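Trainee: Could we go through this one together, step by step? I'd like to practise reading side chains.

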Amino acid sequence: KVPFEVICLAEAVQSGEYESAYLVLGGPGWSLRDFYTGDGLRRHLSNPERVNIVNLEDFVASANQGNL
């Protein structure tokens, strides 16, 4: 599911309508959470630069600081 969503987000960004995208993984139940948030998926994608995979805590912190 996560790789498919990243592909969809990358296509939306490449369409020119958006500058970047975020996929937020919330909750502790993710068996591959560290893999996804640690750029493990990036080497399998052709143009992943503007799709950010982050955990909920980091996303909220970035939003609160105005860094999105």
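**Asn 55 and its surroundings**

Mentor: Sure, and keep in mind that this is a predicted model. Let's start here: Asn 55 is buried, with a relative accessible area of 15%.

Trainee: Which strand is Asn 55 found in, and what does its side chain reach?

Mentor: Asn 55 belongs to strand S2, which covers residues 51-55. At 3.2 Å, the Asn 55 side chain reaches the backbone nitrogen of Glu 57.

Trainee: Which residues is Asn 55 in contact with, leaving aside its neighbours within four places in sequence?

Mentor: Set those neighbours aside first, as you did. What remains is Val 24, Leu 25, Arg 33 and Thr 37.

Trainee: How many salt bridges does a search of the whole structure find?

Mentor: Side chains of opposite charge can pair when their charged atoms come close. One such salt bridge joins Glu 57 and Arg 33, at 2.7 Å from N to O. Asp 39 and Arg 42 form another, with their closest N and O atoms 2.9 Å apart. Searching the whole structure gives a total of 2.

Trainee: How many residues apart in sequence are the parts that Glu 57 and Arg 33 tie together?

Mentor: Their side chains meet in a salt bridge. Glu 57 sits in helix H3 (residues 56-64) and Arg 33 in helix H2 (residues 33-37), so the parts the pair ties together are apart in sequence by 24 residues.

Trainee: Is Arg 33 buried or exposed?

Mentor: Its partner Glu 57 is partly exposed, at 49% relative accessibility. Arg 33 has a relative accessible area of 14%, and the cut-off is under 20%, so Arg 33 counts as buried.

Terms used: Residues are numbered from 1 along each chain as its sequence is written. This is a predicted model: local features need pLDDT of at least 70, side-chain atom pairs count only at pLDDT 80 or more; totals for chains, interfaces and linings use all residues. Side-chain values use heavy atoms; hydrogens and water are left out. A salt bridge is a side-chain nitrogen of Lys or Arg within 4 Å of a carboxyl oxygen of Asp or Glu. Helices (H or I, at least four residues) and strands (E, at least two) are DSSP runs, numbered from the N terminus. Buried means under 20% relative accessible area, exposed over 50%, partly exposed in between (1.4 Å probe, protein chains only). A polar contact is a pair of N or O atoms within 3.5 Å; within protein, one must be able to donate a hydrogen and the other to accept it, and residues adjacent in sequence count only if both atoms are side-chain atoms. Contact means heavy atoms within 4.5 Å.
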